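I opened this notebook to record what I looked up about the bound ligands and the internal space of one structure. The entries follow the order in which I went through them.

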Amino acid sequence: MDTKDLHNIIIVLSCILMLKSRLTTQTTFDVTTFGAVGNGHSDDTQAFVQAWNKVCNDKGNNPTMAVPANKRFFVRPTRFMGPCSSSSITVQIKGQIIAPNMNQFNTKTMWIVFSSVNGLVLTGTGGFSGSATFNDWWRPGLGENRPAALRILGCTNVIIKGLTFVQPPRAHIAITSCTTVTITNIQITAPQNSENTDGIDISGSSNINIQQSNIQTGDDCVAINGGCSNINITNVNCGPGHGISVGSLGRDAGIFERVENIHVKNCTFTRTQNAARIKTVNEGNGFARMISYENIVLVDVQNPIIIKQNYCVKQNCPSQPSKVKVRDVSFRGFRGTTVSDVAINLKCSASTPCENIKLEGINIRSSYKKLLSASCSNAYGTSNPSNVPTCSCLKQKLSF
Ligand SMILES: *[C@@H]1O[C@H](CO)[C@@H](O)[C@H](O)[C@H]1NC(C)=O
Ligand SMILES: *[C@@H]1O[C@H](CO)[C@@H](O)[C@H](O)[C@H]1NC(C)=O
């Protein structure tokens, strides 16, 4: 072998090595290398956008956008758009992402949005934080005119892991039109009196797992809206908050909303307004079915089990009964205390009664040592006679 051959071999070998490293190394784009300062008030929006453009266009294996620890990054409303070149994109958040004040929002419909990204992983020990002036957002009457802190829109294969969410304008996390999402080990914190601050708000999405998380907020810990199916919620601590709710469904006339295959298991509710809640409005059409709440611990909860088919938030609600069908719903293994006198409240529609409601292993006691009762209207199904309180108002109906 002469030196020319050796030379050629070395060139070929180094090409192979370069190619290999291109295929296997994970490239990290740190927002600070794009000029993000992280002092809590410099505008870091452009640096985040530039880092995102790099990570989203990177063809390597799991490129990562890094938000470093011990810094507070001020970011204005931003849409991080896919689709991206890699099938997996990680955003590693160790520091805090800080929202502008209300009057600095150039749009009131979004803060941080990830849209059309497949294989998105949001992970880290940091998170998203509202500003001190978020009380501005929580005045009654602002209604829809305020954004979720984090919206995941039209994404597939999403993981949200370990992050913290504090004081959002509206929901902490909104999952909209997504498939296959896992949310695990997150911490959500907003005051009990903060208006419309749902923990996790899901609509039009399927195959969702929410696990091992603590949610303390002013509205639903988890809200499951129209178009959702295959959702498992396990080992979630909720409270304060309004419980884990399906609905409201049927808010608008002329629309058909469906929710099915929802399973809430091993969850604890502490001083919440509700634990298990299904609510429908009497305008639209649709159904909520194949829903289970199982192995639920209650601590001083107002409404442990509640179905409310005349839910209305408007001024002049029409007087017709709800047309949304609620059926195949089971409540199993509820234990703990309630601060109200009615532990089980099934208020179903006169025209579209609830069917196949199952209650078993219910052992709910009064926080004040009072006698508890159950209340039903237009509700059909079975209640195990050993339930406490008994729910003899639930009637068998043979024709489904
Ligand atoms: C929810 O749990 C059930 C029962 O364990 C399982 O069959 C189903 O695949 C789970 N769904 C999701 C979205 O993980
Ligand atoms: C729920 O809790 C029971 C014990 O109370 C346990 O056996 C079961 O594995 C738990 N399920 C999940 C999905 O965590």
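**Entries on ligands and cavity**

I began with ligand 2, where I found an oxygen atom 2.2 Å from an N or O atom in the side chain of N266. I keep in mind throughout that this is a predicted model, and that every distance here is computed from that model.

Next I asked which residues surround ligand 2. I noted N235, N266 and N295. For N235, I read a polar side-chain atom lying 3.0 Å from an oxygen atom of ligand 2, and for N295 I read a polar side-chain atom 3.2 Å from an oxygen atom of that ligand. I then looked up the cover: ligand 2 taken alone exposes 360 Å², and the protein buries 36% of that area.

I turned to ligand 1 and listed its surroundings as N207, I208, N209, N230 and N232. In the side chain of N232, a polar atom lies 2.2 Å from an oxygen atom of ligand 1, while for N209 I recorded 2.7 Å between a side-chain N or O atom and an oxygen atom of the ligand. The accessible area of ligand 1 on its own is 360 Å², of which the protein covers 37%.

I wanted to know which elements give two or more residues to the shell around ligand 1. They are β18, spanning 206-216, and β20, spanning 228-238. Of these I marked β18 as the source of the largest share, with 3 residues. By class, I entered the shell around ligand 1 as 4 polar residues, 1 nonpolar and no charged.

My last entries concern enclosed space. How many cavities of 30 Å³ or more does the structure hold? I found 1, and for the largest cavity I noted a volume of about 50 Å³. Its lining, as I copied it down, consists of F48, M65, F80, V91, I93, I97, I112, F114, L122 and F128. The elements giving two or more residues to that lining are β6 (89-93) and β8 (112-115).

I closed by sorting the lining of the largest cavity by class, and I entered 10 nonpolar residues, no polar ones and no charged ones. Setting the two tallies side by side, I have 4 polar residues and 1 nonpolar in the shell around ligand 1, whereas the cavity lining has 10 nonpolar residues and no polar.

Notes: Residues numbered from 1 in each chain as written. Chains lettered and ligands numbered in written order. Predicted model: local features only at pLDDT ≥ 70, side-chain atom pairs only at ≥ 80, totals over all residues. Heavy atoms only, no water. Near = heavy atom within 4 Å. Polar contact = N/O pair within 3.5 Å; in protein donor to acceptor, adjacent residues only side chain to side chain. Areas by Shrake-Rupley, 256 points an atom, 1.4 Å probe, with all protein chains shown as cover. Helix = DSSP H or I, 4+ residues; strand = E, 2+ residues; numbered from the N terminus. Nonpolar A, V, L, I, M, F, W, Y, C, P; charged D, E, K, R; others polar. 1 Å grid on protein atoms, 1.4 Å probe; cavity = no way out; pocket = protein on both sides within 12 Å on 5 of 7 lines; lining within 4 Å. Points joined across faces, edges and corners; volume = space filled by probe spheres on them.
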